[in-house]
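Got your viewer open? Load the model, switch on side chains, and follow along stop by stop.

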Amino acid sequence: MENTRNITEVEELTIGRWGTAWQRFMQENYPAEAEELMNTARWDELALEVDREAHSLWELLRKQYAKENPRPTTFMETMKWENTRGFYVDHEVMEQVVLQFRM
């Protein structure tokens, strides 16, 4: 049982796609502030926070898109629908959560 707890703790501390993108955004656009954050625990804490917020928004937007735009029934239309939903959701998550200055 202790092994399961350790694995869960490691998973919770892993910075995902969105947190990594935020760190890259900060390094490219706010290098001095990013350097300051890297010298503290806040760098990873903020990245994890961004990752959680972004993932929650991502799930919400995917559901909303599917509700507002019913999934087609043909294969080609479904592929187009999936791509469009993916582009829309990813763009909104980046704009609303990831590409934001945080300290």
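Start by selecting Glu45, which is partly exposed, with a relative accessible area of 40%. Now add Arg42: this residue is partly exposed too, at 33%. The two form a salt bridge, and their closest N and O atoms sit 3.5 Å apart. Both belong to helix H4, where they are three residues apart, or about one turn of the helix. Keep in mind as you go that this is a predicted model.

Zoom out for a moment and colour by secondary structure. You'll find five helices and zero strands, running α-α-α-α-α from the N terminus on. Of the 103 residues in the chain, 26% are buried. Among contacts with a separation of 6 or more, 69% join residues 24 or more positions apart.

**More salt bridges**

The count of salt bridges comes to six. Select Arg102 and Glu53 next: their side chains meet at 2.8 Å, N to O. This pair links distant parts of the chain, with Arg102 in the segment after H5 and Glu53 in helix H4, 49 residues apart. Which of the two is buried? Arg102 is, with a relative accessible area of 15%, while Glu53 is partly exposed at 34%. Add Glu49 to the selection and you have a network of salt bridges linking Glu49, Glu53 and Arg102.

Now jump to Arg71 and Glu82, whose side chains meet in another salt bridge (2.5 Å, N to O). Here Arg71 comes from the loop between H4 and H5, Glu82 from helix H5, and they are 11 residues apart. Arg71 is partly exposed at 46%, and Glu82 is partly exposed at 26%.

**Rings**

There are five aromatic pairs in the whole structure. Pick Phe25 and Tyr30 to see an edge-to-face one, 5.9 Å centre to centre with 70 degrees between the planes. Phe25 counts as buried at 13% relative accessibility, whereas Tyr30 counts as partly exposed at 29%. Show Phe101 as well, since Phe25, Tyr30 and Phe101 form one aromatic cluster.

Then move over to Tyr65 and Trp81. Their ring centres are 5.7 Å apart and their planes are at 55 degrees, so this pair is tilted. Tyr65 lies in helix H4 and Trp81 in helix H5, so the pair ties together parts that are 16 residues apart in sequence. Both residues, Tyr65 and Trp81, are buried.

Leave Tyr65 showing and add Arg85, a residue of helix H5. Is Arg85 buried or exposed? Its relative accessible area is 7%, so Arg85 counts as buried. Leaving aside residues up to four places away in sequence, Arg85 touches Arg62, Tyr65 and Ala66.

**Into the core**

In soluble globular proteins, nonpolar side chains tend to be buried together. Here, the largest nonpolar core has 18 residues, and those with the most contacts inside it include Trp22, Met26, Leu37 and Val93. The elements giving two or more residues to this core are helices H2, H3, H4 and H5, and H4 gives the most, with seven. Centre on Val93: not counting residues up to four places away in sequence, Val93 touches Trp18, Ala54, Leu57, Trp58, Leu61 and Val98.

**Back to the surface**

For the last stop, select Phe75, Met76 and Met79, a nonpolar patch on the surface with about 360 Å² of accessible area together. Met76 lies in helix H5 and is exposed, with a relative accessible area of 58%. Show the whole surface to finish: the chain exposes about 7300 Å², with carbon and sulfur atoms supplying 53% of it.

Technical notes. Residues numbered from 1 in each chain as written. Predicted model: local features only at pLDDT ≥ 70, side-chain atom pairs only at ≥ 80, totals over all residues. Heavy atoms only, no water. Core = buried A, V, L, I, M, F, W, Y, C linked by side-chain atoms within 4.5 Å. Buried < 20%, exposed > 50% of the residue type's maximum accessible area, 1.4 Å probe, protein only. Helix = DSSP H or I, 4+ residues; strand = E, 2+ residues; numbered from the N terminus. Contact = heavy atoms within 4.5 Å. Patch = residues over 30% accessible without salt bridge, like charges linked within 9 Å, V, L, I, M, F, W, Y side chains within 5 Å. Areas by Shrake-Rupley, 256 points an atom, 1.4 Å probe, with all protein chains shown as cover. Salt bridge = Lys/Arg side-chain N within 4 Å of Asp/Glu carboxyl O. Phe/Tyr/Trp six-rings, centres within 6.5 Å; stacked < 30°, edge-to-face > 60°.
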